[in-house]
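Biologist: I am new to this structure and would like a guided look at one part of it. Please choose a single region, go through it closely, and then show me how it fits with the rest.

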There are 2 protein chains.
Amino acid sequence: MARRNANGRAAVTISHVAEASGVSRATVSRVVNGNASVKPEIAERVRSEIARLGYEPSPVAQSLSLGRTSTVGMVVPDLGNPTFQSILHGVNQAAASAGYRVLVADSGESDVDEPAIVEDLRRRTDAVIVCSPRMSAESLNAVIPRVVPAVVVNRDEPVPAARVVVDYAAGIVALGRHLVDLGHRRILHLDGPPGSNAQAARAVGLATLAHTYPDLVVLREPCGATIAAGEAAFERARASGATAVIGFNDLVALGLMGRAAEHGWRVPDDVSIAGFDDIPFAHLSRPGLTTVHVALESVGEAAWGALSHQFAEAVGADFRSFTPVLVVRGSTGPALPG
Amino acid sequence: MARRNANGRAAVTISHVAEASGVSRATVSRVVNGNASVKPEIAERVRSEIARLGYEPSPVAQSLSLGRTSTVGMVVPDLGNPTFQSILHGVNQAAASAGYRVLVADSGESDVDEPAIVEDLRRRTDAVIVCSPRMSAESLNAVIPRVVPAVVVNRDEPVPAARVVVDYAAGIVALGRHLVDLGHRRILHLDGPPGSNAQAARAVGLATLAHTYPDLVVLREPCGATIAAGEAAFERARASGATAVIGFNDLVALGLMGRAAEHGWRVPDDVSIAGFDDIPFAHLSRPGLTTVHVALESVGEAAWGALSHQFAEAVGADFRSFTPVLVVRGSTGPALPG
DNA sequence: CTGAAAGCGCTTACAG
DNA sequence: CTGAAAGCGCTTACAG
């Protein structure tokens, strides 16, 4: 069936150009791609016919013929999540400057469907970037070898592919150290979604802290990853007796700060509050939110980099780790004496 | 060239399955697609070979053969912008449930490259969604007919395609009315990026307000669309003598509110401040930000709806308009008497 | 119910 | 420098 645009006009193909120019399709292909030498006057004639007819090669046909699509896929659990949006943005920027497009798939947080989505996406593209904080390690290990070149983002366990991660544990340690230096000895962490990679890393960081500072009491409360979860944790946070609270992320911390303000729990005089991620709003609260900055766009760029590296040489799994940096603002201060 | 995955193993094709099953490729195709009738025992044999070999049809080959890709493209000026992220999320959700994928292209705010990006994207997909607040009307009118089925988001001028818009002017009018009801008679609007469609619509809304309330003074200051722009507008806002300020968006309004707090300009006692968009952080500021809520995910879903409508019937341009709704929080209050 | 053949729109050895 | 031919992996009238 001839390709048609929706106006019902058949699209112009390489055959039309060949016929109009009085040459073979091979020759047209050569002038379009500029790789083999074509007699200048013929090339000129072909070019003018291309312009006159408005010919553009079909990427689909080229993909089938060449065996590559110049497209990479990216799977995320939730496009509505600013974290993945930032990573996607970074990937997209980097890929675009190399002439690649990115095809996104939102798995809707469904960890069971994810392997199938990853495979399907891979069939439509030259490589995949997998951001799947919830997928089980077994699923990941089963699916990754089938879809290389691939890069896995934010998974701490070894996988048979390139990997780029954020060192969340180091971020928590830096934050904890800051609080200890301010005199805090009873710190509460509001946990994120159970089973998520980020939460597991926070737990590791908290354990490191507790081990490093024997006189430090580290408490944990189940909470979540949203503003509403932070708001809902207010009573438990106050009842914990902690002098400093670390939210799983900035949303949680800001939600908690909002409730604290409403209930006269002063920040940082009565309690220090810190977040994680350094979203753009972190500096807008009063006081500004102490947090840890994660260069998510760089993570996306690094993911692309790992892919293009695999395109060039067939080498396997390399590894990039990004260390978050502490950003101190007004929401953390000295612990009250006594 | 045989398609290979990056392990160097050739991918399994329909021919392999046909040979292994002792039938023709046509028959394999039939059982894969389930459309024509195949003798049950043969179908069973083919299915088991498919499972054994791990065969999956190539979407690229199917696309070339069928003339459709089951993919739609979406062009946005900046993926980093939460507005487009939300629209994309809505599109993606709706498209996914219809078995379509979405291919995103970020034009990097370059209005000159956009027409080419739109055309290229369209060649790889079955339709395009164009979110190009800056592209000139002429460019838009030139490119759209070449890429139908298409839908244009947030452009107020007529275009030869389906269109879905947010009625920004109505939003501003609702906000202005609210302020007038509170007694404000001198209102400042902090303008967004010149030339953007949203800014043009705000200007229309402001003019409507001025016309509706003859004793109302409507001031405007060039500003921008970011937190930093809102912060930078503080001095000019205070100097304007306005009793109420409307930010181009919530970011601007929050930036302004932050500076106001620092300088002892009390909200809403000394000045009322309102934003636009109702981002998730709008209710987190103290006081909460009065703003106008825009259902961006619904806009995305409607864009998909307009496309699938065009897939079904070849009919042309329909139109959907979303009216923002006023959300009153604590940042706006009565104007001071006198 | 099934297969041989042509076609989708390209690219690229291979000959000349 | 150029063309005829085969191939990429599918689908679908058309015959039988």
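**Around the DNA strands**

Modeller: Let's start with the surface near DNA strand D, where α2(B) gives the largest share, five residues. "Near" here means that a heavy atom of the residue lies within 4 Å of the strand. Please keep in mind that this is a predicted model, in which local features need pLDDT of at least 70 and side-chain atom pairs count only at pLDDT 80 or more, while totals for chains, interfaces and linings use all residues. Residues are numbered from 1 along each chain as its sequence is written, chains are lettered from A and ligands numbered from 1 in the order in which they are written, and side-chain values use heavy atoms, with hydrogens and water left out.

Helix α2(B) has company: α2 and α4 of chain A, along with α2 and α4 of chain B, each bring at least two residues to the surface near DNA strand D. Such elements are DSSP runs numbered from the N terminus, with helices (H or I) of at least four residues and strands (E) of at least two. In total, 31 residues surround DNA strand D, and the closest are A:R30, A:S37, A:I42, B:I14 and B:S29. By type, this surface divides into 13 nonpolar, eleven polar and seven charged residues. In that count Ala, Val, Leu, Ile, Met, Phe, Trp, Tyr, Cys and Pro are nonpolar, Asp, Glu, Lys and Arg are charged, and the others, Gly among them, are polar.

What does the protein meet on DNA strand D: sugar and phosphate, or bases? Of the strand's atoms within 4 Å of the protein, 71% belong to sugar or phosphate and the rest to bases. Individual polar contacts add detail; these are pairs of N or O atoms within 3.5 Å (within protein, one must be able to donate a hydrogen and the other to accept it, and residues adjacent in sequence count only if both atoms are side-chain atoms). B:N33 places a polar side-chain atom 3.1 Å from a phosphate oxygen of DNA strand D. The side chain of B:S65 has an N or O atom 2.8 Å from a sugar or linking oxygen of this strand. B:R30 turns to a base instead, with a polar side-chain atom 3.3 Å from a base nitrogen.

Now look at DNA strand C. It is surrounded by 31 residues, and the closest are A:S29, B:T27, B:R30, B:S37 and B:I42. Here the largest share of the surface, five residues, comes from α2(A). The elements that each supply at least two residues are α2 (25–33) and α4 (59–66) of chain A and α2 (25–33) and α4 (59–66) of chain B. The surface near DNA strand C consists of 13 nonpolar, eleven polar and seven charged residues. Sugar or phosphate accounts for 71% of the atoms of DNA strand C within 4 Å of the protein, and bases for the rest.

The contacts of DNA strand C can be followed residue by residue. In the side chain of A:S29, an N or O atom is 2.5 Å from a phosphate oxygen. A:N33 has a polar side-chain atom 3.1 Å from a phosphate oxygen as well. B:S65 reaches a base, with a side-chain N or O atom 3.2 Å from a base nitrogen.

How are the two protein chains related? A turn of 180° with a shift of 0.0 Å along the axis lays chain A on chain B with an RMSD of 0.1 Å. That is the relation of a two-fold axis. The superposition is by least squares on the C-alpha atoms of residues with pLDDT of at least 70 in both copies. Within chain A, the residue that comes closest to the rotation axis is A:L103, at 2.2 Å (C-alpha).

One last stop is among the aromatic rings. Over all chains there are eleven aromatic pairs; rings of Phe, Tyr and Trp (its six-membered ring) pair if their centres lie within 6.5 Å, with planes under 30 degrees apart called stacked, over 60 edge-to-face and the rest tilted. One of them joins A:Y100 and A:W304 in a tilted arrangement, 5.2 Å centre to centre and 55° between the planes. This pair links distant parts of the chain, 204 residues apart: A:Y100 lies in the loop between α5 (82–97) and β2 (101–106) of chain A, and A:W304 in helix α13 (residues 296–312) of chain A. A:Y100, A:W304 and A:F311 form one aromatic cluster.
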